[in-house]
Amino acid sequence: MDSLINALKSRLPPSHMDFEGQRRAETAFQWVLGIFATIGFACGYAYQQFSLTVYILGIGFAIAALLTLPPWPMYRRNPLKWQPVRVNNTAGENDVSVGAKSSRKDK
């Protein structure tokens, strides 16, 4: 079963975004929505049709979602460097920890 899952994972595109990519996606989403909201408001006001405003804003939302929701390669340019996993084998326990030990004392 694990080999089947690993084979499927290797064929799927990446599904993550780094922190810088998340910031860029959020900024792009806000800009696209702001531009389409302004255009929609202006057209709706000029034609006195609120439905036109909603349609234009809906189109802007769809475009913004298409640009920002999938993890495009432009949102994965700055990957995180994780610390290596350390395995602690004390008292016969298989305990996996990441990073440095905590300096906090238990009371």
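## Ground rules and overall fold

Helices here are DSSP runs of H or I with at least four residues, strands are runs of E with at least two, and both are numbered from the N terminus. With that in hand, the span from residue 53 to residue 72 comes out as 80% helix and 0% strand, with its end C-alpha atoms 29 Å apart. Keep in mind that this is a predicted model.

The protein chain has three helices and two strands, and reading from the N terminus the order is α-α-α-β-β. Burial is at 13% of the 107 residues. If you take the contacts between residues at least 6 apart in sequence, 56% of them link residues at least 24 apart.

## The annotated spans

The UniProt record, an unreviewed entry, puts the label "transmembrane region" on residues 28-47 and 53-72. Such annotations may be inferred rather than shown by experiment.

How do the two spans look in the model? Residues 28-47 are 100% helix and 0% strand, and 28 Å separates their end C-alpha atoms. For residues 53-72 the helix share is 80%, again with 0% strand, and the end-to-end C-alpha distance is 29 Å.

## Helix 2 and its lone salt bridge

Helix 2 covers residues 19-47. Its 29 residues reach 42 Å from first C-alpha to last, close to the 42 Å expected at 1.5 Å a residue. The buried positions are G21, A25, V32, G40 and G44, and helix 3 is part of what covers them.

The structure has one salt bridge, and it joins the side chains of R23 and E20 at 2.4 Å, N to O. Both residues sit in helix 2, three residues apart, or about one turn of the helix. Are the partners buried or exposed? Neither label fits: R23 has a relative accessible area of 47%, so it counts as partly exposed, and E20 is also partly exposed because its value is 31%; the partly exposed class runs between the 20% and 50% cut-offs.

## D18, a buried acid at the helix start

D18 lies in the loop between helix 1 (2-11) and helix 2. Side chains of opposite charge can pair when their charged atoms come close. What about D18, which is buried? D18 has no salt bridge, and R24, the nearest side chain of opposite charge, is 7.3 Å away. A salt bridge needs N and O within 4 Å, so that distance doesn't qualify.

What the D18 side chain does have is backbone company. At the start of helix 2, one of its oxygens comes to within 3.3 Å of the backbone nitrogen of E20. The D18 side chain also reaches the backbone nitrogen of R77, at 3.2 Å. Leaving out residues up to four places away in sequence, D18 touches Y75, R76, R77, N78 and P79.

## Where helix 2 meets helix 3

Helix 3 takes in residues 50-68, and its end C-alpha atoms are 27 Å apart; that agrees with expectation because 19 residues at 1.5 Å each should span 27 Å. T53, I56, G60, A64, A65 and T68 are its buried residues, and they pack against helix 2.

Two residues show this packing from either side. V32, in helix 2, counts as buried because its relative accessibility is 17%. Beyond its sequence neighbours up to four places away, V32 touches G60, I63, A64 and L67. The C-alpha atoms of V32 and A65 are separated by 9.6 Å, although the two residues are 33 apart along the chain.

T68, in helix 3, is buried too, since its relative accessible area is 7%. The T68 side chain reaches the backbone oxygen of A64 at 2.7 Å. With residues up to four places away set aside, T68 touches M17, A25, A28, F29 and Y75.

## The odd phi at Q48

Most residues other than glycine have a negative phi. Which residue following helix 2 has a positive phi? That's Q48, at about 55° and not a glycine. Q48 sits in the loop between helix 2 and helix 3. Q48 counts as exposed because its relative accessible area is 60%.

Terms used. Residues are numbered from 1 along each chain as its sequence is written. This is a predicted model: local features need pLDDT of at least 70, side-chain atom pairs count only at pLDDT 80 or more; totals for chains, interfaces and linings use all residues. Side-chain values use heavy atoms; hydrogens and water are left out. Buried means under 20% relative accessible area, exposed over 50%, partly exposed in between (1.4 Å probe, protein chains only). Lys and Arg count as positive and Asp and Glu as negative; His and the chain ends are not counted. A polar contact is a pair of N or O atoms within 3.5 Å; within protein, one must be able to donate a hydrogen and the other to accept it, and residues adjacent in sequence count only if both atoms are side-chain atoms. Contact means heavy atoms within 4.5 Å. The expected span of a helix is 1.5 Å times one less than its number of residues.
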